[in-house]
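Here's a quick briefing for anyone meeting this structure for the very first time. Have a look at the sequence and the model, then read on.

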Amino acid sequence: MGSSGDVRVVCLGEAMVVLRPEGDQSLAGATTLRRSVGGAEANVAGALAALGVRTAWVSRLGQDPFGDVVTEDLIARAVDVEAERDPERPTGLYLKEPAPGGSRMHYYRAGSAAAAMDAGLLDLPGVAEALASAEVVHTSGITVGILEEGSTLLTRLLALRDELGFRLSVDLNWRPALWAGRTIEPLIDLLRAADIVLLGADEARAALGADAPQELRELLGERPRLVIKADSHAAGEYDADGSATQVPALRVDVVEPVGAGDGFAAGYLAALVDGTGPVGRLRQGHLVAAGVLAATGDHARPPAADVRARLLECSEDGWAATRVSASGIDTPAIREEVGPR
């Protein structure tokens, strides 16, 4: 279902149909809702494919029309879809309602097909083939949060990581409602086992009680590379050997923040598998996130490859002077190769 060549990244987690009113209408007042597809790992998969990285999305969907919508949407975005269909459980759904500073979410995901993901999903032929070639497998704290008690999905995933040698990337993606009245130890265990942990400083503070690199290192141990996003100011990459790199965020005329973290993850991971260094990895994360921030949906098409290349390689001054809005990218970086005119 995807482009030629082996799958390089596998994204494991739930996708949902998203419904939202047009413009600034409330859900109660709207008579027409616009349909799209969302969900953290699906957003990452779509952005990775748009960045030219062959990506498979692995999950479970209901044997229902919304499951067809998710499948068709991701295939149209060049993602390989490896989703088990469930005749009893539904595809998840959420509604977005305009609110100050972004949107208010209303989730309908309890008992969804994705919540029943288990170890057997990873042994299905198409999934096993994708995992065998993958350089990175990406999931999130949302996946841990929705799994039903007794699921062995993540135990099997860690065993396959040790067997096959891919790197495991986990985005914290803190959703307090998923953990109400429950211990977060399964989430912390997954973060400690990961090779790459992506997290916002604010959500880390809320979920883990720590946001500084050293505090997070003490909590999560020596294995993961930490990629910490400090609000809209900067992002930093911190390895266990003490090496650290920070890159300031781009200036963005924000339309809506939903999905920006998934965009950052996709930009970062695409640069990682392409062998780009830490500055380029963080810059591409910022760049893809900025495009999502400037759009109304949960995802946005990234800039063209030549624009990305110039921004990843431009001077610090050129990077600092770049601005992203709904109308596009305004940057002197495009002119740096030919000098002033």
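Which side chain is joined to that of Ser169 by a polar contact of 2.8 Å? That partner is the side chain of His138. Keep in mind that this is a predicted model. The rest of the tour starts around Ser169 and then moves outward through the sheet, the aromatic rings, the covered elements and a few backbone oddities.

**Around Ser169**

- Ser169 is part of strand E9.
- Is Ser169 buried or exposed? With a relative accessibility of 0%, Ser169 counts as buried, because the cut-off for that label is under 20%.
- Setting aside neighbours within four places in sequence, Ser169 is in contact with Val136, Val137, His138, Thr139, Ile196, Leu198 and Leu269.
- His138, from that list, is also the polar partner we met at the start, at 2.8 Å between the side chains.
- Leu269, from the same list, sits 100 residues away from Ser169 in sequence, yet the two C-alpha atoms are 8.6 Å apart in space.

**The nine-stranded sheet**

- Nine strands make up an open sheet with mixed pairing, and their order is E5-E4-E1-E8-E9-E10-E11-E12-E13.
- At the edges you'll find strand E5 (80–86) and strand E13 (244–248); each has a single partner strand, so one side of each has no neighbour in the sheet.
- On average, neighbouring strands here are turned by 15° against each other, direction ignored.
- As background, strands of a sheet pair through backbone hydrogen bonds, in either a parallel or an antiparallel way.
- Strand E9 (residues 167–171) and strand E10 (residues 196–200) run parallel, joined by three bridges.
- Across from Ser169 stands Ile196 in E10.
- Helix H8 (residues 201–208) packs on this sheet, where it touches E9, E10 and strand E11 (225–230). The direction of H8 makes about 95° with that of E10.

**Aromatic rings**

- How many aromatic pairs does the structure hold? There are two.
- Tyr94 and Tyr107 form a tilted pair, with 5.1 Å centre to centre and 35° between the planes.
- Tyr94 belongs to strand E6 (residues 92–99) and Tyr107 to strand E7 (residues 102–108), so this pair ties together parts that are 13 residues apart in sequence.
- Tyr94 is buried, at a relative accessible area of 4%, whereas Tyr107 is partly exposed, at 36%.
- Phe264 and Tyr268 form a stacked pair, with 6.4 Å centre to centre and 15° between the planes.
- Both residues of that stacked pair lie in helix H10 (residues 260–273): Phe264 and Tyr268 are four residues apart there, which means about one helical turn separates them.
- Phe264 and Tyr268 are both buried.
- Trp179 has a charged visitor: the charged end of Arg182 sits over the Trp179 ring, 4.5 Å from its centre.

**Covered elements**

- Six of the eight residues of strand E6 are buried, so E6 is largely enclosed by the rest of the structure.
- E6 pairs with strand E2 (residues 16–21) in the parallel sense, over four bridges.
- Within that pairing of E2 and E6, Val17 stands opposite Leu93 in E6.
- Helix H1 (residues 40–50) is mostly covered too, with ten of its eleven residues buried.
- The buried residues of H1 include Glu41, Asn43, Val44 and Leu48.

**Backbone oddities**

- Right after H1 comes Gly52, which takes a positive phi of about 90°.
- Where is Ala78? Ala78 is placed in the loop between helix H2 (65–76) and E5.
- Ala78 is not a glycine, but it has a positive phi of about 70°.
- Ala78 is partly exposed, with a relative accessible area of 36%.
- Asn173 isn't a glycine either, and its phi is positive at about 45°.
- Asn173 lies in the loop between E9 and helix H7 (185–193).
- With 9% relative accessibility, Asn173 counts as buried.

Key:
Residues numbered from 1 in each chain as written. Predicted model: local features only at pLDDT ≥ 70, side-chain atom pairs only at ≥ 80, totals over all residues. Heavy atoms only, no water. Phe/Tyr/Trp six-rings, centres within 6.5 Å; stacked < 30°, edge-to-face > 60°. Helix = DSSP H or I, 4+ residues; strand = E, 2+ residues; numbered from the N terminus. Buried < 20%, exposed > 50% of the residue type's maximum accessible area, 1.4 Å probe, protein only. Lys NZ or Arg CZ within 6 Å of the ring centre and 35° of its normal. Pairing = 2+ DSSP bridges. Axes fitted to C-alpha atoms, helices over the stretch in contact; angles between N-to-C directions. Contact = heavy atoms within 4.5 Å. Polar contact = N/O pair within 3.5 Å; in protein donor to acceptor, adjacent residues only side chain to side chain.
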